[in-house]
Structures are given as C-alpha cells and as structure tokens.
Amino acid sequence: MREYAYVTNGGSNTVTVINVKYLRVDRTIEVGHDPDGIAVSPSRNEVYVVNTGYKGANGSISVINTETNRVVDTIEVQRQPHFIDVDPTGNRAYVANTGSNTVSVINLEKRKQVAVIGVGEGPSHARLAPNGNALVVSNRKSGSVTVIDPHTLKVRSVWSGCPQASDAVILPNSSKAFIACSGTHQVMVLG
C-alpha cells in the first residue's frame, strides 16, 4: 500500500512527495511558479497545488495524479492565488486569489475556471462549510470576512472588524465559522 504526503516548496517551484510508510522522500515534482496552498480530492486520485505565479501575472493550479505522482493538467486562475478548498463531491474547487481580490470557482471535471467572485481585499482563505451551504472567505488586507452562497455564487454577507483576517475553520456540523484576526490577536465567530 502506498501512502504519500505532499509538501509545496515555494522557492524551488516543486512539490516533494514523501512516502509516509517508509518515512522517505519518494520524488520531487515540478509544478508552477511559487507553489503555496494544496488540497486533496475526496473522490479522485488527485492533489491540487496552488501556484502563486509571477507578480502581476495570473496564477494556476497544478493537478497531480496520485497514482503516477505526475502533473496531468494545469488550470489558470486569477492573480496571486493562495489557498484552495475542494467540495465534498470533488467536483468543484474554490481558490482565494490574493492579488485580484477574488475567489475562482473551478469545475474539476472540466479542468477550468467557471466563475470569479469579487470579495474583500487580499483574500487568504476560502473555506467551504462541510454541508456545502456556505463559503467563508477571510480577507486579510480589508480585515473582513465574506460569506458566499456556493449554489448561486453570490455574496451573502460581509463582516468587518477582523484586522488581518487569516485562517478560517468551520465546525463539522457547519453551525459556526472561526476566523483568526491576526492584527488583534482575536477570533471572529460567525453563526
């Protein structure tokens, strides 16, 4: 049985594949420029790597087939993507694009960006609730949180007062979201 962990290496534009059974590096995979965030598909044998890209240029998502540990596709997104989350079906992904103040919605089967949603300044995380009914986006530069309806792809609400909003975590029952307000050492809680 093969069990792997995938680690992004921003400075070398690679992903290191670690065999966790034998605790050794299996291989290094070349991906796009300055890889950062990473997510695993719950339904496909795939890993998605966020490539931040060059300053002022669009970024991309490298699709790695986990059976062969090779890049099988690249999906273009907006400027300076940072974070990716995949829905429970494995059909859609949501990418926080820090440089364009947007979230890219990706159809993973068709391997393309299907929508772009405007959010606050400098989004750092776009986290989907486990029940699939809310997408919570932390906007670091504007100190706000945007809540999006993933079914209509419309902004449902915007909450201010979370300086340097960064990490977002949602309870397993989807009842509450917790957002780290790094600028004040506090946590915003949304119901």
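Okay, let's start right in the middle of things: Asp85 stands opposite Tyr94, which sits in strand 9. When I say strand, I mean a DSSP run of E with at least two residues, while a helix is a run of H or I with at least four residues, and both are numbered from the N terminus. Before I go on, a word on what we're looking at. This is a predicted model, so local features need pLDDT of at least 70 and side-chain atom pairs count only at pLDDT 80 or more, while totals for chains, interfaces and linings use all residues. Residues are numbered from 1 along each chain as its sequence is written, and side-chain values use heavy atoms, with hydrogens and water left out.

Back to our strands. Strand 8 and strand 9 pair in the antiparallel sense, over 5 bridges; to count as a pair, two strands need at least two bridges found by DSSP. Together strand 8 and strand 9 make a hairpin with 5 residues between them, and Gly90 in that turn has a positive phi of about 80°. Is strand 8 mostly enclosed or open? In strand 8, residues 81–86, 5 of the 6 residues are buried, so the strand is largely enclosed by the rest of the structure. Buried here means under 20% relative accessible area, exposed means over 50%, and partly exposed is in between, with a 1.4 Å probe and protein chains only.

Let's zoom out. How many helices and strands does the chain have? There are 0 helices and 18 strands. The radius of gyration is 16 Å, close to the 16 Å that the globule rule gives for 191 residues, so the chain is as compact as a globular protein of that length. That radius is taken over C-alpha atoms, and the rule is 2.2 Å times the number of residues to the power 0.38. Along its principal axes, the C-alpha trace spans about 45 × 40 × 35 Å. Of the 191 residues, 48% count as buried. The accessible surface comes to about 9,300 Å², and 48% of that belongs to carbon and sulfur atoms; such areas come from the Shrake-Rupley method with a 1.4 Å probe, and for residues only the protein chains shown count as cover. Contacts, meaning heavy atoms within 4.5 Å, tell us something too: among those with a separation of 6 or more, residues 24 or more positions apart account for 31%.

Now follow me past strand 9. Ser100 is in the loop between strand 9 (92–97) and strand 10 (102–107). Is Ser100 buried or exposed? At 17% relative accessibility, Ser100 counts as buried. Beyond its neighbours within four places in sequence, Ser100 is in contact with Gln78 and Arg79. The side chain of Ser100 also makes a polar contact of 2.7 Å with that of Thr102. A polar contact is a pair of N or O atoms within 3.5 Å; within protein, one must be able to donate a hydrogen and the other to accept it, and residues adjacent in sequence count only if both atoms are side-chain atoms.

Thr102 itself belongs to strand 10, and Thr102 is buried, at 10% relative accessible area. Leaving out residues up to four places away in sequence, Thr102 touches a whole list of residues, including Gln78, Val95, Val116 and Pro123. Take Val116: 14 residues away along the chain, yet its C-alpha atom and that of Thr102 are separated by 6.3 Å.

Last stop, the charged residues. A search of the whole structure finds 4 salt bridges, where a side-chain nitrogen of Lys or Arg is within 4 Å of a carboxyl oxygen of Asp or Glu. My pick is Arg111 with Glu46, at 2.5 Å from N to O. This pair links distant parts of the chain, 65 residues apart: Arg111 is in the loop between strand 10 and strand 11 (112–118), and Glu46 is in strand 5 (residues 46–51). Glu46 is buried, at 9%. Asp73 joins in as well, since Glu46, Asp73 and Arg111 are linked in a network of salt bridges. And Arg111 has another quirk: a positive phi of about 60°, although it is not a glycine.

Gln164 does something similar, with a positive phi near 55° in a residue other than glycine. Gln164 lies in the loop between strand 15 (154–160) and strand 16 (165–170), and Gln164 is partly exposed at 40%.

Two more bridges, quickly. Asp26 pairs with Arg27 at 2.9 Å between the closest N and O atoms, and Asp149 pairs with Arg156 at 3.7 Å. Asp149 counts as buried at 17%, whereas Arg156 is partly exposed at 46%. That's my tour, thanks!
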